[in-house]
Amino acid sequence: MNSSATAPRTPLHRSAAPGEARLLADWYATGRSATLNDHLTRYGPPPVTAALGSRRSMPLVEAVEAAGLTGRGGAGFPTARKLRAVAERRGRAVVVVNAMESEPASRKDQFLIAVAPHLVLDGAVLAAATVGADTVHVCLPRDRTTQYRQLSAALHERRRTRLDQVHLHLHALPHIYVSSESTSLVRWLGGGPARPQGSPPRTHERGVDRRPTLVNNAETLAHLALIARHGPDWYRQAGTPNEPGTTLATVSGAVAAPGVLEAALGTPITTILGRAGGPTEPLRAILLGGFAGTWLPTAHLDTPLARRDLAPLGAVPGAGVLIALPRAACGLSETARMLAYLAAHSARQCGPCRLGMPAVAEDFAVLAAGRADPGLLSRLRRRTGLLPDRGACRHPDGAARLAASALHVFADDVDHHLTHGPCPATHQAPVPVPPATPPETWR
């Protein structure tokens, strides 16, 4: 058994490449979850040196900016820019820890919270001190009860020792794909549904309780806590000059040891697969970034896991998901199942979600089934092209990216399905996809 988010036992490797054991350093060293005492022994208390709410020099913002930290939730937005945008607003701010991890193929935040919860909470407390917040809201999906218990226990440890100067609150939200969007969290914390809020004001202007609000991914905040302790020069010792640091990757599919591992940004994809035990059979493609990601053919496996290198391929690291698709599987069928799930989990607040995504998912289902339809391919390409940049959030954009990459990477399969019917692998399902069932509640 390798790294598991709910019951971690043995990591993928008991040692990491030089400079890459950072977020998971305790786990690599001990193979067990870190208690508060373990955490304080290794790191000491959070280095909050300024009075809470002081925004005169913002030394942490400057350190994070010098380190080049970007968000690990998927969008890759510069973290310092977010911090500064909230810190410069008037009024007491709020910090929201986004640990929803709604991407079905991702386990990194679950695993990080399971083995190093105090690193995440340190980051949230430090961010609060920097932006002038007195409250931190930690958001988890309500169906992950083990994760909720783990974080509740960590919060209890911190309260018992009176470690923090801010109020930390734990919340359990509906587990829906779009509920992890930042405005969904703000909307839910304000008493509304966990649906994206497409219109201004932006969260850093007026978020929870109409206060300036910083929303950061759990892994991002853990990196921030390390930068606060070790500085930007240390942080830049891993990764590339343009994209420094490490990232957590969730590797699954046809590999010998699927699980979560930590790797420097810029590590070739094939190296990461090798650290997950390597492929168990010949591969057809890699899905990078999860259900809203991009299919990459095996010819590109030497590409570094970095935005600059992936951009020419139309791909991004996203939330660090890598799914190895075996050659015997049908990429069109797998894509059709993912698109059906994404369509079912849309907020249905705008045209692309209510009409466009279900139409694209239906077209892909027809293509995967190999049903003859002369106008299918041109209709599918047209509909896919209409999805991006029109929704209340980026959910339709991700579905369009997935569909377009599948049509490109599996072009030979497209011709076969349209002329000869479905391939023999159509009914296999090597990629776990949740049922395409609409959410029962948004509250």
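Biologist: In this predicted model, what makes α5 oblique to α9?

Modeller: The axes of helix α5 (residues 108-115) and helix α9 (residues 218-235) cross at roughly 45° and come within 9 Å. Angles under 35 degrees would count as roughly parallel, and 65 to 115 as roughly perpendicular. The crossing falls in neither range, so α5 is oblique to α9.

Biologist: Which residues in α5 and α9 meet there?

Modeller: From α5 you get K108, D109, L112 and I113, and they meet A218, E219 and A222 in α9. By class, the residues of that contact divide into 4 nonpolar, no polar and 3 charged.

Biologist: On to the rings. How many aromatic pairs are there?

Modeller: The count comes to 4 aromatic pairs.

Biologist: Why is the pair of W27 and F111 called edge-to-face?

Modeller: Their ring centres are 5.4 Å apart, and the limit for a pair is within 6.5 Å. The planes stand at 85°, and over 60 counts as edge-to-face, so that is the label for W27 and F111.

Biologist: And what parts does that pair tie together?

Modeller: W27 lies in helix α1 (residues 25-30) and F111 in helix α5, so the pair ties together parts that are 84 residues apart in sequence. Both W27 and F111 are buried, too.

Biologist: What about Y177 and Y341: why is that pair edge-to-face?

Modeller: Same kind of check. The centres of the Y177 and Y341 rings are 6.2 Å apart, within the 6.5 Å limit, and the planes are at 80°, over the cut-off of 60, so the pair is edge-to-face. Y177 sits in the loop between β3 (167-173) and α8, Y341 in helix α12 (residues 331-344), and they are 164 residues apart.

Biologist: How do you know whether Y177 and Y341 are buried or exposed?

Modeller: Buried means under 20% relative accessible area. Y177 has 12%, so Y177 is buried. Y341 has 4%, so Y341 is buried as well. Ring pairs also link Y177, F291 and Y341 into a cluster.

Biologist: Why is T203 called buried?

Modeller: T203 has a relative accessible area of 16%, which is under 20%, so T203 is buried. T203 lies in the loop between α8 (182-189) and β4 (213-217). Leaving aside neighbours within four places in sequence, T203 is in contact with T183, V186, R211, P212 and T213.

Biologist: Last one: what makes β6 and β8 the edge strands?

Modeller: The open sheet has 5 strands in the order β6-β5-β9-β7-β8, with mixed pairing. Strands β6 (259-264) and β8 (294-297) each pair on one side only.

Key
Residues are numbered from 1 along each chain as its sequence is written. This is a predicted model: local features need pLDDT of at least 70, side-chain atom pairs count only at pLDDT 80 or more; totals for chains, interfaces and linings use all residues. Side-chain values use heavy atoms; hydrogens and water are left out. Two strands pair if DSSP finds at least two bridges between them. Helices (H or I, at least four residues) and strands (E, at least two) are DSSP runs, numbered from the N terminus. Buried means under 20% relative accessible area, exposed over 50%, partly exposed in between (1.4 Å probe, protein chains only). Contact means heavy atoms within 4.5 Å. Axes are lines fitted to C-alpha atoms, for helices over the stretch in contact, and angles run from 0 to 180 degrees between N-to-C directions. Angles under 35 degrees count as roughly parallel, over 145 as roughly antiparallel, 65 to 115 as roughly perpendicular and the rest as oblique. Ala, Val, Leu, Ile, Met, Phe, Trp, Tyr, Cys and Pro count as nonpolar, Asp, Glu, Lys and Arg as charged, and the others, Gly among them, as polar. Rings of Phe, Tyr and Trp (its six-membered ring) pair if their centres lie within 6.5 Å; planes under 30 degrees apart count as stacked, over 60 as edge-to-face and the rest as tilted.
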